[in-house]
Amino acid sequence: MALPWALRSCLQRPCVLRSRRAPLGGAAGAGLILQSLSDDVYQNLAVEDWIHEQAGLEDRQVLFLWRNAPAVVVGRHQNPWQECDLRLLRQKGVKLARRRSGGGAVYHDLGNINLTFFTSRTRYERRDNLELVVRALRALSPRLDVRVTERYDIVLGGRYKISGTAAKLGRTAAYHHCTLLCGADKSLLSALLRSPYRGLRSNATASVPSAVRNLVEEDPALTCERLLEAVAEEYAARHHVDRRVTLINPADEAVLPGIHRKTKELQTWEWVYGKTPKFSVSTYFDLTYEDSVLQVKVDMEVKHGKIEVCNIDAPEQWLPPGLCQELAKSLTGSRFCPDEATVLASTWLRTCPRDDELRHKCNLLCENVRMLM
Amino acid sequence: VCVHHIRSCSSIRFIKSKYVCLFDKSALKFSHHQRLFRTSPVSCGQIVQFKLSDIGEGITEVTVKEWYIKEGDSVSQFDSICEVQSDKASVTITSRYDGIIRKLHYNLDEIAYVGKPLVDIEIDASKDVAPEEDVVETPAMSHEEHTHQEIKGHKTLATPAVRRLAMENNIKLSEVVGTGKDNRILKEDILNYLAKQTGAILPPSPKAEIIPPLPKAEGGPIALKERKIPVPISRPIAFSGKDKTEAVTGFQKAMVKTMSAALKIPHFGYCDEIDLTQLVQLREELKPLAQTRGVKLSFMPFFIKAASLGLLQYPVLNASLDESCQNITYKASHNIGVAMDTEQGLIVPNVKNVQVCSVFEIATELNRLQSLGSAGQLGTNDLTGGTFTLSNIGTIGGTYTKPVILPPEVAIGALGKIQVLPRFNGKGEIYKAQIMNVSWSADHRIIDGATMARFSNLWKSYLENPASMLLDLK
């Protein structure tokens, strides 16, 4: 049950509670548990941004519970080409998002729950939050072998990762969010988080791959719904807040003014791909043409997701080097994106008159270059 | 030591600035991490080293991942300076001061150390910066300090109320043009900035206060006429928009190249009106059937098939002229392109070999191209090899247009929207007709007006009387 205006006033105006601070971590009184009505990854990430920036968190804690339809979420400073199979992603219609917190790449679907703990900057404390989650798990399944590692993961049976963590610190507020694998599609997860792109070199944050397991495999009682409730209960107990969960609609501009703009920003190519730290691609591919196999070398430098330098090197006897240079030149300055590459390559093919055989070769070359993206 | 220093400095505050210049810069640097009281005033472009504050959890080093500013930029308090990362936590470092960035101490991907200088900021002489504190405090302190800071926060650039307004709207003060004294930013400046952002012009803010009180009515209707109409004082609305220049890339670059090549072709246009009343009815009947087969049936498959039938009779429209204009190549395949408008711009995938496809097959292929196009998965094969193009701009609107031929093709047709208009039938009666306009463009070097007109008439006859297509379908 949502009370829009009450919620808005509660979140926007800084809460002027003069309650005495309870000992380390336990702030008395002010707190809120929110759950998203949407499973759109961009909308939910936008809500996180909104709460981080607009809710008065000096004296208040907020827990935000959310789930997403299939999506891959990369960390703030990661390289999507290095982290996941973008071709498979597009094929399967899985969304790609970049969050504002650090950390590695994760796969979300409705069998995974996300928990975000919002606090003031001074009360940012990850271990405490994760211990809370562990307690919630044990409340549902007392003999569950789960513990928090030094890397702020939660592992099951000492081997399987069931939760990953990331955090964002601002000037006055901070948040720590983590995932929890209840019943996600593990085969799609591992297929998507395996990058087929070779020859990429960058300083982007690399993910640390781990073996994963679903909680329902361990104990069928650990469904997403039960876990969400258990975490809410535990949070309410730990921080002395009202255990009732308030549902929010991330599309409601009245309750969350400015949320549409935030959602749009997270969906732009400039944010999702353009924020990739500078990287270089140095690779080759084999072309089969009339019973012979030729090797074509490609070198590119990509900054802000745009191709700054492009070199394509095909055997001279197969294709005149001038043509390779022309293709490279038409790709320079554009996004490292199969869409744009295709359009530019097609334009190049269209506007330069040549015979059928050369055109066929050029077509083949373009198709392969496109596969690199 | 700290307290004493402040007291001595504050008494000097009111002495002329030249004396304050004599202060040794180093006196202002404190090695104590927890509290970084800065004394005031700083003057003559005093350079202050802004140190990386404590991240928490005992972290001593982080990696600089992104700079939001560069040397020479001016910043305001609370503007974001950079993004650093430590162990899965991404931290936004914001400026504590107003001033100009003079030095960045780290490059991208370098390790930065907590407590060591991050950037050097030159503080303006005329500013009066209140003492501030490092972000990390023992929990019991920070609440009081926040309120303390708000009360004391007098900045000559903008009042706290204006700062709050800016913060609430996520506006960087450094981006707002101040129109007050000493370039002070006023509330109106923030509102104007917001107006520029939202594209609306807000009424001048003091309007409400200026309206003079209405004079008391003195006896009935006559008095009403004499009542003054309040005239708001007009203020010039400050417009601080700037021209933005960016490079032409991607889809736009492709369009520039294609259209520049098209300039070489001498275009002529030919337009006509098609009565689609019968086709509309036919489509309504066939739509559910196509749906059962999993295909969405629009009008385009009919337009495309009719065009192909027409091209069989007038193959010169499906040809290509070589560079030297010496030879015409009559293309055997009818690869009919369909212009599509995507988020990023114009793409023209084509349906291959329409001459051997049924209307249903064309519809299926169109569905496939449309879904690939919106998912950004079209290959070069789909986008090249076209011999003739149709553009259905009518789905967005319009009647007659002047389409541009896409080389190496020699003709293109643009279809306007379908309108319900009154027309006369054979008996001289008025009936409701579904009318669509078509605009053809052709290469006048190899195509003459008569050929285009005859092709158009044939195409029109197939569509106005769809049953006639049955006779010629292969």
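**Group meeting talk: two chains, their interface and their salt bridges**

Okay, let's start with a single contact: Glu270(A) and Arg335(A) make a salt bridge, and their closest N and O atoms sit 3.0 Å apart. Before I go on, keep in mind that this is a predicted model.

So where does that pair belong? Chain A is assigned two domains, domain 1 at 32-273 and domain 2 at 279-372. At the contact between them, domain 1 of chain A puts in 13 residues and domain 2 of chain A puts in 14 residues. Taken over C-alpha atoms, the centres of domain 1 of chain A and domain 2 of chain A are 39 Å apart. Together domain 1 of chain A and domain 2 of chain A bury about 1200 Å², with 52% of that on carbon and sulfur atoms. Which three residues supply more than any others of the area domain 1 of chain A buries against domain 2 of chain A? They're Trp81(A), Arg198(A) and Trp269(A), and they supply 44% of that area. As for salt bridges across this interface of domain 1 of chain A and domain 2 of chain A, the rule finds one.

There's also an annotation to mention. An unreviewed UniProt entry has "domain: BPL/LPL catalytic" covering residues 57-243 of chain A. In the model, the end C-alpha atoms of that 57-243 span are 18 Å apart, and the span is 28% helix and 28% strand.

Now chain B. We're looking at 14 helices and 18 strands here. Of the 474 residues in chain B, 42% are buried. If you take contacts in chain B with a separation of 6 or more, 61% of them come from residues 24 or more positions apart. The exposed area of chain B is about 25600 Å², and carbon and sulfur atoms supply 56% of it.

Next, put the two chains together. On the chain A side 60 residues are in contact with 50 residues of chain B. The area that chain A and chain B bury between them is about 4800 Å², 46% of it on carbon and sulfur atoms. How many salt bridges does the rule find across the interface of chain A and chain B? Four. Lys168(A) with Glu83(B) is a salt bridge with closest N and O atoms 3.1 Å apart.

Over all chains, the structure holds 31 salt bridges. Let me walk through a few. Glu225(A) pairs with Arg67(A), where the closest N and O atoms are 3.3 Å apart. That pair links distant parts of the chain: Glu225(A) is in helix 8 (residues 224-239) of chain A, Arg67(A) is in the loop between strand 2 (61-66) and strand 3 (71-74), and they're 158 residues apart. Glu225(A) counts as partly exposed, at 46% relative accessibility.

Over in chain B, Arg368(B) bridges to Glu365(B), with closest N and O atoms 2.9 Å apart. Why are these two separated by about one helical turn? Because Arg368(B) and Glu365(B) are three residues apart in helix 11 (residues 359-375) of chain B. Arg368(B) is partly exposed at 35% relative accessible area, and Glu365(B) is partly exposed too, at 22%. Some salt bridges also share partners, and those join Lys186(A), Arg213(A), Glu217(A) and Glu218(A) into one network. Inside that network, Glu218(A) and Arg213(A) have their closest N and O atoms 3.0 Å apart, and Glu218(A) is partly exposed at 39% relative accessibility.

Last bit: backbone oddities. Most residues other than glycine have a negative phi, and most peptide bonds are trans. Glu290(A) has a positive phi, near 50°. You'll find Glu290(A) in the loop between strand 14 (279-289) and strand 15 (292-303) of chain A. Is Glu290(A) buried or exposed? Exposed, with a relative accessible area of 62%.

Cys325(B) also has a positive phi, near 60°. It lies in the loop between strand 10 (319-321) and strand 11 (328-330) of chain B, and Cys325(B) counts as partly exposed at 40% relative accessibility.

And on the peptide-bond side, the one from Pro407(B) to Pro408(B) is cis, with omega near 5°. Pro408(B) sits in the loop between strand 16 (388-391) and strand 17 (411-424) of chain B. That's what I have for today.

Notes. Residues are numbered from 1 along each chain as its sequence is written. Chains are lettered from A and ligands numbered from 1 in the order in which they are written. This is a predicted model: local features need pLDDT of at least 70, side-chain atom pairs count only at pLDDT 80 or more; totals for chains, interfaces and linings use all residues. Side-chain values use heavy atoms; hydrogens and water are left out. UniProt positions are given in the numbering used here, feature names are shortened, and annotations may be inferred rather than shown by experiment. Helices (H or I, at least four residues) and strands (E, at least two) are DSSP runs, numbered from the N terminus. Buried means under 20% relative accessible area, exposed over 50%, partly exposed in between (1.4 Å probe, protein chains only). Contact means heavy atoms within 4.5 Å. Accessible areas come from the Shrake-Rupley method with a 1.4 Å probe; for residues, only the protein chains shown count as cover. Domain bounds come from an automatic or database domain assignment. Buried area is the accessible area (1.4 Å probe) that two parts lose on being put together, summed over both. A salt bridge is a side-chain nitrogen of Lys or Arg within 4 Å of a carboxyl oxygen of Asp or Glu.
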